[in-house]
Amino acid sequence: GPRRWRALRLFAAAPALLLVTTTSSRGGVAAVVTMLGCAGTLWFARSVLPLRRRLLIVSGALAAAVLAIAFDPRLHDLILHRRWSNSATESNRQHAAMIQAGWLMGCCRPLTGYGPGAVPLVYPRYRARLSGGTDNALQLHNTPAQFWAELGAPGIAVLVLLLVGIVKLAL
């Protein structure tokens, strides 16, 4: 029945969440922690479990979030030393350059973008205008920038509609 499908979905989601948190992706860890926080808040408000059990479950989820952050080397350095490590600073510079490239790509073709999957082919054209970017990029590591570069204004409109739909489903 429905409980079996729910359990199957949770079983399928667990390895994906574990994979994201073990890739040293700061954005991935932040996204997982944020998603779990939002889901936990909604669940806590709607659950019929006794308050004590809900608090224990939420405490466990918070502990898991803290562990995910603690085991991410870049976030760990940020929390302990209150500054980014050298490798994280370089990564931040590269990500900022990719976002700038995405902005420039979308501005050149705002109505259509360059097309799905075109970033690896087009990014080198914009590389000279960037400060701190990589020589080439398979993706821009930023969903709105990727949509803008590849799909233009229609892609951004679709992204906004998806987000509105997700918010409506959550409420």
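Helices here are DSSP runs of H or I, at least four residues long, numbered from the N terminus. With that in hand, welcome to a set of close-ups of a predicted model.

**View 1. The largest pocket holds about 420 Å³ of space.** Look for Arg-6, Ala-7, Leu-10, Ala-13 and Ala-39, which lie nearest the centre of this pocket among the 10 residues that line it. Two helices, helix 1 and helix 2 (26-46), each bring at least two residues to the lining. Helix 1 provides the largest share of that lining, with seven residues. In chemical terms, the lining of the largest pocket consists of eight nonpolar and two charged residues, with no polar ones.

**View 2. The second largest pocket has a volume of about 360 Å³.** Its lining includes Val-33, Leu-36, Gly-37, Thr-41 and Trp-43, along with Ile-57, Val-58, Ala-61, Leu-62 and Ala-65. Helix 2 and helix 3 (51-71) are the elements that give two or more residues to this lining. Of these, helix 2 gives the most, contributing seven residues. Sorted by class, the lining of the second largest pocket has nine nonpolar and three polar residues, and no charged ones. Ala-39 is worth finding in both pocket views: this residue is among those nearest the centre of the largest pocket, and Ala-39 also lines the second largest pocket.

**View 3. Trp-5, Leu-8 and Phe-11 make up a nonpolar patch on the surface.** Together, these three side chains offer about 400 Å² of accessible area. To get your bearings, start from Leu-8, which is part of helix 1 (residues 2-21). Is Leu-8 buried or exposed? The answer falls in between: with a relative accessible area of 44%, Leu-8 counts as partly exposed, because that class covers values between 20% and 50%.

**View 4. His-141 has a positive phi, near 60 degrees, although it is a residue other than glycine.** You will find His-141 in the loop between helix 6 (119-126) and helix 7 (143-170). His-141 is partly exposed, at 46% relative accessibility.

**View 5. Pro-15 is shown with two residues that lie far along the chain, Gly-132, 117 residues apart, and Asp-135, 120 residues apart.** Pro-15 sits in helix 1 and is partly exposed, its relative accessible area being 48%. From C-alpha to C-alpha, Pro-15 and Gly-132 are separated by 34 Å, while the separation between Pro-15 and Asp-135 is 32 Å. Where does Asp-135 lie? Asp-135 is in the loop between helix 6 and helix 7. At a relative accessible area of 61%, Asp-135 is classed as exposed, since exposed means over 50%.

**View 6. Arg-54 and Trp-148 are 41 Å apart in space, C-alpha to C-alpha.** In sequence, 94 residues separate this pair. Arg-54 belongs to helix 3. Why does Arg-54 count as buried? The relative accessibility of Arg-54 is 15%, and buried means under 20%, so Arg-54 falls in the buried class.

Terms used: Residues numbered from 1 in each chain as written. Predicted model: local features only at pLDDT ≥ 70, side-chain atom pairs only at ≥ 80, totals over all residues. Heavy atoms only, no water. Patch = residues over 30% accessible without salt bridge, like charges linked within 9 Å, V, L, I, M, F, W, Y side chains within 5 Å. Areas by Shrake-Rupley, 256 points an atom, 1.4 Å probe, with all protein chains shown as cover. Salt bridge = Lys/Arg side-chain N within 4 Å of Asp/Glu carboxyl O. Buried < 20%, exposed > 50% of the residue type's maximum accessible area, 1.4 Å probe, protein only. 1 Å grid on protein atoms, 1.4 Å probe; cavity = no way out; pocket = protein on both sides within 12 Å on 5 of 7 lines; lining within 4 Å. Points joined across faces, edges and corners; volume = space filled by probe spheres on them. Nonpolar A, V, L, I, M, F, W, Y, C, P; charged D, E, K, R; others polar.
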